[in-house]
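Grab a coffee and pull up the chain in your viewer. Below are a few exercises, each with a solution worked out step by step.

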Amino acid sequence: MRTQTEVESLIRRLFREIGSDPSDLIQITPKDGGWENALSYKVTKKDGKQTTIYRRDLDDKNENRIKNALKTIS
């Protein structure tokens with residue numbers, strides 16, 4: 001189980017680590033469930049680009065896969 005704050009903080013930190021500005025992210029929303037049990041999270045940037053972060057990557061602490069997903073919108 002994870003909270004909204006934990007998910008958002010992790011995604012923003014990893015977005016910064018790939019060289020992008022976390023303030024460009026305007027929305028992170030759970031899909032297929034709530035914050036604690038969503039199967040995925042939709043991440044949206046100011047320019048409208050979107051990507052999906054999967055729960056399995058969060059559960060496995062697979063930061064490289066999450067970064068790769070974030071690179072598609074950076």
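**Exercise 1. Find the residues that V43 is in contact with, leaving aside its neighbours within four places in sequence.**

Keep in mind that you are looking at a predicted model.

Step 1. Skip the neighbours within four places in sequence, and V43 is still in contact with I11, L25, Q27, I28, K49, Q50, T51, I53, L70 and I73.

Step 2. Now look for the core. The largest nonpolar core has 16 residues, and V43 is among those with the most contacts inside it, along with I11, I28, Y41, I53 and L70.

Step 3. Ask where the core residues come from. Helix 1 (4-17), strand 1 (25-31), strand 2 and helix 3 (63-71) each supply at least two of them. Helix 1 gives the most, with four residues.

**Exercise 2. Work out how strand 2 (residues 40-45) is joined to strand 3, and how many bridges there are.**

Step 1. Count the bridges: five of them join strand 2 to strand 3, and the two strands run antiparallel. One pair to click on is T44 with its bridge partner in strand 3, Q50.

Step 2. Follow the chain around the turn. Strand 2 and strand 3 form a hairpin, with four residues between them. G48 sits in that turn with a positive phi of about 90°.

Step 3. Check the other neighbour of strand 2. Strand 1 is joined to strand 2 by six bridges, also in an antiparallel run. Here K31 has S40 of strand 2 as its bridge partner.

Step 4. Ask how covered strand 2 is. Five of its six residues are buried, so the strand is mostly covered, given that buried means under 20% relative accessible area.

**Exercise 3. Sort the residues of strand 3 (residues 50-54) into a covered face and an uncovered one.**

Step 1. Start from the general pattern: in a regular strand, side chains alternate between the two faces of the sheet.

Step 2. Apply it. T51 and I53 make up the covered face of strand 3. Q50, T52 and Y54 are on the uncovered face.

Step 3. Tie this back to the core: I53, from the covered face, is one of the residues with the most contacts inside the largest nonpolar core.

**Exercise 4. Is K49 buried, exposed or partly exposed, and what does it touch?**

Step 1. Locate K49 in the loop between strand 2 and strand 3.

Step 2. Its relative accessibility is 40%, so K49 counts as partly exposed. In the same loop, G48 is also partly exposed, because its relative accessibility is 45%.

Step 3. List the contacts. Not counting residues up to four places away in sequence, K49 touches V43, T44, I73 and S74.

Step 4. Compare sequence with space for one of these. K49 and I73 are 24 residues apart in sequence, and their C-alpha atoms are 5.7 Å apart. For G48 and S23, 25 residues apart along the chain, the C-alpha separation is 14 Å.

**Exercise 5. What is the sign of phi at D32 and at K61?**

Step 1. Recall the background: most residues other than glycine have a negative phi.

Step 2. Read off the angles. D32 has a positive phi of about 60° although it is not a glycine. K61, another residue other than glycine, has a positive phi near 55°.

Step 3. Place them. D32 is in the loop between strand 1 and strand 2, while K61 is in the loop between helix 2 and helix 3.

Step 4. Check exposure. D32 counts as exposed because its relative accessibility is 56%. K61 counts as exposed because its value is 68%.

**Exercise 6. Which residues line the largest pocket, and how do they divide by type?**

Step 1. List the lining: R2, E6, V7, L10, L58, D59, K61 and E63. You've met K61 already, as a residue with a positive phi.

Step 2. Get the space: about 150 Å³ lies in the largest pocket.

Step 3. Trace the lining to its elements. Helix 1 and helix 2 (55-59) each supply at least two residues. The largest share, three residues, comes from helix 1.

Step 4. Divide the lining by type, and you get three nonpolar, no polar and five charged residues.

Definitions and conventions
Residues are numbered from 1 along each chain as its sequence is written. This is a predicted model: local features need pLDDT of at least 70, side-chain atom pairs count only at pLDDT 80 or more; totals for chains, interfaces and linings use all residues. Side-chain values use heavy atoms; hydrogens and water are left out. Buried means under 20% relative accessible area, exposed over 50%, partly exposed in between (1.4 Å probe, protein chains only). Two strands pair if DSSP finds at least two bridges between them. A nonpolar core is a set of buried Ala, Val, Leu, Ile, Met, Phe, Trp, Tyr and Cys residues joined through side-chain atoms within 4.5 Å. Contact means heavy atoms within 4.5 Å. On a 1 Å grid over the protein atoms alone, a cavity is a set of points where a 1.4 Å probe fits but cannot get out, and a pocket is an open set with protein on both sides within 12 Å along at least five of seven lines; lining residues have an atom within 4 Å of a point. Grid points are joined across faces, edges and corners, and a volume is the space filled by probe spheres set on the points. Ala, Val, Leu, Ile, Met, Phe, Trp, Tyr, Cys and Pro count as nonpolar, Asp, Glu, Lys and Arg as charged, and the others, Gly among them, as polar.
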